[in-house]
There are 2 protein chains.
Amino acid sequence: MTRKATMKDVARAAGVAPMTVSRAFKSNASVNAETRAKVMEAAEALGYVFDSAASNLRSRKSGFVAAIIPSLNNANFADTIGAMSKVLEREGLQILLGYTSYSIEEEERLIEKLLRRSPEAIVLTGGHHTERARKLLDKATVPIVETWDLPEHPIEHVVGFSNSKAMKGLVDHLVDKGFTKIAFLGGDASADLRGQARLIGFIEALEQHGLDTSRLIAAGPAPVAMREGALAMEHLLKAYPDTEAVVCVSDLTAFGALTECQRRGIRVPEDISIAGFGAYDISAFAHPTITTIEAFSAEIGRKTGQMIARLLRGDDPPEGPQCEEISPQLVVRQSTP
Amino acid sequence: MTRKATMKDVARAAGVAPMTVSRAFKSNASVNAETRAKVMEAAEALGYVFDSAASNLRSRKSGFVAAIIPSLNNANFADTIGAMSKVLEREGLQILLGYTSYSIEEEERLIEKLLRRSPEAIVLTGGHHTERARKLLDKATVPIVETWDLPEHPIEHVVGFSNSKAMKGLVDHLVDKGFTKIAFLGGDASADLRGQARLIGFIEALEQHGLDTSRLIAAGPAPVAMREGALAMEHLLKAYPDTEAVVCVSDLTAFGALTECQRRGIRVPEDISIAGFGAYDISAFAHPTITTIEAFSAEIGRKTGQMIARLLRGDDPPEGPQCEEISPQLVVRQSTP
DNA sequence: ATGAAAGCGCTAACAA
DNA sequence: TTGTTAGCGCTTTCAT
């Protein structure tokens, strides 16, 4: 068993200096085309594999962008990561993914772990972090982007939208349609902070219209999905049977609520209206289709990727913190009038 | 602006040798408790961040496990990665994720890219790879695990199940219930190879029962999801209006098909039966609930993680290629009798 | 339990 | 365009 081939071995085989091999492996370095071909051939013959760890150490560039999301199993966040990844790939950057299970303590641990890999940028979901996490991030000298939110006190850059404002738009629409008894189905207070912001927006909007804000059902800890939607609907129907419209923290919750109605023979939207959040596939294909808010998950990822690419290239004049505000869009469908 | 603190700086501040700092940062190294406390204090004060790249280079251990899945936005694969990640975390291993968009050419590129990061193990989805990919993997000297399939010629280790066999079980059940006109809704031949295996299992099963195998609707390239399910159902109803039961390549497809029926006033299961694959949440909460095959995505991830942990620890006697076969389970629900 | 010396494989910086 | 030298920050190895 021979040890793994290094650049030195490739250099010897190709009859050049190791530095030339190094250059041949960078697409933008100035190397004679013939020389490069010779090097590549030698590399192929030796089964040479470029060693990123050594490269990182010497060049002080990891090629990583750390991205932290609450959950892998969420089509919205997956869309954001997918779109960002696509943009960053063009810059030769790779995503180092971490997920927090909706816990900011877990986020703190994750940040610490990811920082050891020397990411060239850090992408966070949401604007709420532990104090220590903020301290760690403040010390980091790379661009930091908070997404999916508009934090009051951003760490640095932001690509997001106001969850509460988006929710307000939905409530206004329902009030417009004449509903006065409107409920909210969501999760417990502590964990899902975007869900919490939606709840706050919901309450504020009802208050502005002078409507009752007591129809709030908390279905448990995040992630609040279909099961929780069904359970919450059950509770709601028991506690407030005269409810006219239901606003849910996400489309998955809304779907759970919808099917619970269907199981009970309650017609949507004739007997009760239901709306979700996030424009998941399911809201477009459920029967009836579900009114929702399109938050443009992929757009968030794309813009975040572009922002990072721009900041790392650094060809623009020195810039301060950037903020890209996304405008969510109400999508009215069959589950509301 | 001071340059970033290194171990040397921490060592100086704590009045010890760099080597002692290094040991203090390994949980299992023999360091006096007081010394360690002193080191940690100095590190904290200096804002020291451990540099993984340097550690990797010298120790020849990256702490990475490369994992390649077809798509991020898929609850089944997300479950596998989540469960695997949880097991590997305990071993101090971090997942380096890549996704192929259901293309084995993309998989090849990804493998090449990930190999440069010196993963300590490689996890693949499926058993079909480009020739060059196989060559690259053959040269790698780390454990390789193929998942979600039982390849005829595995590269090395396997944690998976037979997609065709699982499908056969479902078809047998439907035939048992008296159906003879059974259709399959899936994707095009080329991309989704697990979907393809399911189709093959479907056809074989029908043939064994001496039934017609012509009701096959291909709805387009992967990922085949709700939209494709609805479209495929539309085509099916036009081409074979007397179909009695529909088997779908996944639960998402089945849901799309189900809702298409609902839009047309076709009752499920009274007028037509529908079954899916994968035990996604949606199949448990749709109304009616959807018959499906539970493939134990999380179990695949857990077992893969455990296998890797065992192989890397290497405390067992030298082992050959491992194969863990998962047994998918038919889950009969309301969408079939 | 702690330290000293050497070097992992690559590339920045400079030279030719 | 190509080569030479030095060293990135850590850990292996051996010594105490």
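This short talk covers the interface between chain B and chain A, then one residue, B:T20. The model is predicted: local features need pLDDT of at least 70, side-chain atom pairs count only at pLDDT 80 or more, and totals for chains, interfaces and linings use all residues. Residues are numbered from 1 along each chain as its sequence is written, chains are lettered from A in the order in which they are written, and side-chain values use heavy atoms, without hydrogens and water.

Start with the interface. Chain B gives 49 residues to the contact, and chain A gives 49 residues. Contact means heavy atoms within 4.5 Å. About 4500 Å² is buried between the chains, 56% of it on carbon and sulfur atoms. Buried area is the accessible area (1.4 Å probe) that two parts lose on being put together, summed over both. In chain B, B:R116, B:R117 and B:F285 lose the most area to chain A, together 17% of what that side buries.

Now the polar side. The rule finds zero salt bridges across this interface (a side-chain nitrogen of Lys or Arg within 4 Å of a carboxyl oxygen of Asp or Glu). It does find 17 residue pairs in polar contact, both at pLDDT 80 or more. A polar contact is a pair of N or O atoms within 3.5 Å; within protein, one must be able to donate a hydrogen and the other to accept it, and residues adjacent in sequence count only if both atoms are side-chain atoms.

Last, B:T20. B:T20 is buried, with a relative accessible area of 19%; buried means under 20% (1.4 Å probe, protein chains only). Leaving aside neighbours within four places in sequence, B:T20 contacts B:V31 and B:T35.

Note on methods: Helices (H or I, at least four residues) and strands (E, at least two) are DSSP runs, numbered from the N terminus. Buried means under 20% relative accessible area, exposed over 50%, partly exposed in between (1.4 Å probe, protein chains only).
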